[in-house]
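These are my notebook entries on a single protein model. I went through the backbone, the helix packing and the nonpolar cores in turn.

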Amino acid sequence: MNNDDLNDAPLAGTRVVEFCTVAAGPYCGMLLADMGAEVIKVESRDGDTLRQWPPFCEGFSENFASLNRNKRSIALDLKDEEDNRIARRLIASADVVIENNRPGAMARLGLGYERFASDNPRLIYCSLSAYGQSGPRANEGGFDLTIQARSGIMSVTGEEQGGPVKAGVPISDFATGLYGAFSVASLLVRRIRDGRGGHVDVSMLGSSLAIAALQVSEYFGSGRNPRKLGAAHPRNAPYQAFRARDGSFVMAAGNNKLWRGVCEVVGNPDLASDPRFLTPSDRAASQQALADILEAAFADRDVAELVASFAAAGIPCSPINSYSDALSDPHVEAMGWVQDIASPAGHGIRTLGPVVRLDGALSPITRSPPALDGDREDILAELAVLENAGRVL
């Protein structure tokens, strides 16, 4: 990767200081780093908690690697006077600060937004938390599991008669990281226009409610709570998982044209005129009866055959992949999303890299995930140069 490529990245020249651990904050920082921002990760002396999560490759956490590429690390005890002074210097040098501590924690350490904003109105300071910086729950902690429960996500996840289950991926964490990165990028645009930075207050609860826009609107529109439907859809059918002879697959016929195609594939074109199944709403209201009819037609056919038949008819469908299946899909390989990187010890590990193409190219991985405090000397030397040059407020 040459310097011209790095300088051409959308956020090249943007200096980000990250005070984050585990998921939402580090993901936010990594998204900015993938777009070319220079991200300095400030960790405790024990390191980001995620460093202790398996699986490990030669002692290095693959989980940590997945959220911390393209960053540098410095370890500081923020309650230590000298380390706190270094943190203040880093913030003073930053375009963007990201933190995911409980509300008020950074202010008590003398590192909050208000302390720096008056001297540097261009500073963008992003606080990610469970419930936000104000409100009756602001001081409560939260993890992905508890926010999925609080936000209603768990109430619509799983089989109708089954017990409560969370979504299989930490969607509350990662939705919050995405909202944080989007908000920071938006304020960077505003800063170009009028020189103003600002304070981003992004919460896991708010983000989780926001991505549930369809469920929220269902409640507002009907007064009824959305319910668990397993793999089915509340407003569309056939749009769910179906059993075949050798396993299950999903098929999504989300409109009348696709529904007529389903009828052709199963060899029952008259089904399209059945009064129970005329419109998407009709089919959703009668989806158990519809599923019973379709699964009877699928009972003597294999998943691969059915998926191929529906795909040939232009009907979205898929086998239900494991992650090993998904990551080995020829399309994933062709897109170049899986990349080999090195751990701090030099051992090769695999990661899912950037997945967004800009001008036809993926953002590069320019740095492997850092060793704890592995960039301390370089960061401090660089900071001294910036201060001597008068580039730190």
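**Entry 1. Backbone at N70 and V22**

I looked up N70 first and placed it in the loop between helix 3 (62-67) and strand 5 (71-75). The model is predicted, and I read each value below as computed from it. The phi of N70 is positive, about 60 degrees, although N70 is not a glycine. Is N70 buried or exposed? I found a relative accessible area of 5% for N70, so it is buried.

I then turned to V22, another non-glycine residue with a positive phi, in this case near 70 degrees. V22 sits in the loop that runs between strand 1 (15-19) and helix 2. Its relative accessibility is 17%, and because the cut-off for buried is under 20%, V22 counts as buried.

**Entry 2. Cis peptide bonds**

I checked omega next. The bond joining P54 and P55 is a cis peptide bond, with omega about 5 degrees. I located P55 in the loop between strand 2 (38-43) and strand 3 (56-57).

A cis peptide bond also joins A237 and P238, where omega is about -5 degrees. P238 belongs to the loop between helix 10 (213-222) and strand 9.

**Entry 3. Helix 2 against helix 8**

I examined how helix 2 (residues 24-34) packs with helix 8 (residues 171-194). The axes are 8 Å apart, and the angle is about 45 degrees. The two helices are therefore oblique to each other. I recorded the crossing of helix 2 past helix 8 as right-handed.

Which residues make the contact? From helix 2 I listed A24, Y27, C28, L31 and L32. Helix 8 contributes D173, F174, T176, G177, L178, G180, A181 and V184. I sorted the residues of this contact by type and obtained nine nonpolar, three polar and one charged.

**Entry 4. Nonpolar cores**

I turned to the largest nonpolar core, which has 24 residues. The residues with the most contacts inside this core are F249, M251, W259, V262, L294, F298 and F310. I noted the elements that give two or more residues to the core: strand 9 (239-244), strand 10 (247-252), helix 11 (256-265), helix 13 (287-298) and helix 14 (303-312). Which element gives the most? I found that helix 11 does, with five residues.

I followed F310 further. Leaving aside neighbours within four places in sequence, F310 is in contact with F249, M251, V262, V265, V266, F298, I315 and C317.

Apart from this core I found another, of 22 residues. Its members include V17, A87, Y125 and I379.

**Entry 5. The whole protein**

I closed with the overall figures. The protein has 17 helices and 15 strands. Taken along the principal axes, the box filled by its C-alpha atoms is roughly 80 × 45 × 40 Å. How many residues does the protein have, and what share of them is buried? I noted 393 residues, of which 43% are buried.

Finally, I considered contacts between residues at least 6 apart in sequence. Of these contacts, 67% join residues at least 24 apart.

Definitions and conventions
Residues numbered from 1 in each chain as written. Predicted model: local features only at pLDDT ≥ 70, side-chain atom pairs only at ≥ 80, totals over all residues. Heavy atoms only, no water. Axes fitted to C-alpha atoms, helices over the stretch in contact; angles between N-to-C directions. Helix = DSSP H or I, 4+ residues; strand = E, 2+ residues; numbered from the N terminus. Parallel < 35°, antiparallel > 145°, perpendicular 65-115°, else oblique. Left-handed = near helix turned anticlockwise from the far one by under 90°. Contact = heavy atoms within 4.5 Å. Nonpolar A, V, L, I, M, F, W, Y, C, P; charged D, E, K, R; others polar. Core = buried A, V, L, I, M, F, W, Y, C linked by side-chain atoms within 4.5 Å. Buried < 20%, exposed > 50% of the residue type's maximum accessible area, 1.4 Å probe, protein only.
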